[in-house]
Amino acid sequence: MPKWSYTGKSVSDEKAELALAAVKSACFCCAEHSSDCPLAKAAGAIAEMTEAKQ
């Protein structure tokens, strides 16, 4: 099970995938992407969490 690094909570693979899809669907699809974007940061953190468990 992936673990959310901010709280240490373990979540199911399905829950992590649903969270990632939700964050990605909230993207405003800006013409230029910024490394400061909180949506991109959240998506990156969730993707990293799911990859780390493998």
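A nonpolar core here is a set of buried Ala, Val, Leu, Ile, Met, Phe, Trp, Tyr and Cys residues joined through side-chain atoms within 4.5 Å. Keep that handy for the exercises below, and remember that the model is predicted.

**Exercise 1.** Work out which residues form the largest nonpolar core, and which helices supply them.

*Solution.* Start with the membership: the largest core has seven residues, namely Val11, Ala16, Leu20, Val23, Ala43, Ile46 and Met49. Next, lay the helices over that list. Helix H1 covers 13–25 and helix H2 covers 38–52, and each of them supplies at least two residues of this core.

**Exercise 2.** Pick Ile46 and find what it touches, leaving aside neighbours within four places in sequence.

*Solution.* Contact means heavy atoms within 4.5 Å. With that cut-off, Ile46 is in contact with Trp4, Ala16, Ala19, Leu20 and Val23. Now check back against the core: Ala16, Leu20 and Val23 belong to it, as does Ile46 itself.

**Exercise 3.** Describe the overall layout, from fold order to extent.

*Solution.* First, count elements: the protein has two helices and two strands. Reading along the sequence gives β-β-α-α. Then take the C-alpha trace, which spans about 35 × 20 × 20 Å along its principal axes. As for contacts with a separation of 6 or more, 45% come from residues 24 or more positions apart.

**Exercise 4.** Summarise burial, surface and charge.

*Solution.* Of the 54 residues, 19% are buried. The accessible surface is about 4300 Å², with 56% of it belonging to carbon and sulfur atoms. Finally, tally the charges: 6 positive and 7 negative side chains, with the centres of the two sets 8 Å apart.

Terms used: Residues are numbered from 1 along each chain as its sequence is written. This is a predicted model: local features need pLDDT of at least 70, side-chain atom pairs count only at pLDDT 80 or more; totals for chains, interfaces and linings use all residues. Side-chain values use heavy atoms; hydrogens and water are left out. Helices (H or I, at least four residues) and strands (E, at least two) are DSSP runs, numbered from the N terminus. Buried means under 20% relative accessible area, exposed over 50%, partly exposed in between (1.4 Å probe, protein chains only). Accessible areas come from the Shrake-Rupley method with a 1.4 Å probe; for residues, only the protein chains shown count as cover. Lys and Arg count as positive and Asp and Glu as negative; His and the chain ends are not counted. The place of a charge is taken as NZ of Lys, CZ of Arg, CG of Asp or CD of Glu.
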